[in-house]
Amino acid sequence: MTQLTMTVNGKTVSGDAEGRTLLSTFLRDTLGLTGTHIGCDTSQCGACVVHVDGEAIKSCTMLALEADGSNVATIEGQANEDGSLNVIQQAFQDHHGLQCGFCTPGMVMSAAALLKENPKPTEAEVRAYLEGNICRCTGYHNIVKAIMAASGQDVAIAAE
Ligand code: FES
Ligand code: FES
């Protein structure tokens, strides 16, 4: 076991990890941050997306050891300081961008990364960016609407 220290959602945290421990497992089982979901074992679903040093990554594709000393952001740190939903979370609620909610943490974290690097994406750019995030429920239209709305753009999406 190795003791790791990292900043998670603005707080310095420490915990022990084996060399094989994935960051997703470390966040959930060691730090108790179960908002990061694990939906596959093939690195396909995107339910586990977090930000490491500002980059969106699938936390099941990174060893916890590799994140030692990093700055990690998870869904638990996304709300506004007063506890209200941030603009992306609110848009998901307003535009019915979730049903069961299993994919939602990863979707929100991916959307946050997209809007940081491209504040006014086109619908096609949103869809392309979400290529690594699978949703079994919504058919994606309302997720795209939500992200377009969070970017302050019209939410007219052609197909339903
Ligand atoms: S749990 Fe990481 S991509 Fe599915
Ligand atoms: S809302 Fe159920 S998987 Fe996306």
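Helices, like strands, are taken here as DSSP runs numbered from the N terminus, a helix being a run of H or I with at least four residues. In this predicted model, one such run is α5, and the residue G152, which comes after α5, has a positive phi near 80°.

Helix α5 itself spans residues 141-150 and is mostly covered, with eight of its ten residues buried. Those buried residues are N142, I143, V144, K145, A146, I147, M148 and A150, a list in which the lysine K145 stands beside nonpolar side chains such as I143 and V144. As for what they pack against, the buried residues of α5 meet three other helices, namely α2 (87-94), α3 (104-117) and α4 (123-129).

From this helix it is useful to step back to the arrangement of the chain. The domain assignment divides the protein chain into domain 1, covering 2-77, and domain 2, covering 87-150. The centres of domain 1 and domain 2, taken over C-alpha atoms, are separated by 21 Å. Across the boundary, 15 residues of domain 1 are in contact with eleven residues of domain 2. On the domain 1 side of this contact, the strands β3 (49-52) and β4 (55-58) each supply at least two residues, and β3 gives the most, with three residues. Sorted by class, the side of domain 1 that touches domain 2 has seven nonpolar residues, seven polar ones and one charged residue.

The two strands named at this contact also belong together as a hairpin. β3 and β4 pair in the antiparallel sense over four bridges, and within that pairing V49 stands opposite K58 in β4. Two residues lie between the strands of the hairpin, where D53 takes a positive phi near 50°. The two faces of β4 differ in their surroundings: A56 and K58 make up a covered face, whereas E55 and I57 make up an uncovered one.

A last stop is helix α1 (residues 23-30), in which D29 has its place. Is D29 buried, exposed or partly exposed? D29 counts as partly exposed because 14 other C-beta atoms lie within 10 Å, a number that falls between the limit of 12 or fewer for an exposed residue and that of 20 or more for a buried one. Relative to V13, D29 is 16 residues away in sequence, and the two are 13 Å apart in space when taken from C-alpha to C-alpha.

Terms used. Residues numbered from 1 in each chain as written. Chains lettered and ligands numbered in written order. Predicted model: local features only at pLDDT ≥ 70, side-chain atom pairs only at ≥ 80, totals over all residues. Domains from an automatic or database assignment. Contact = placed C-beta atoms within 7 Å. Pairing = 2+ DSSP bridges.
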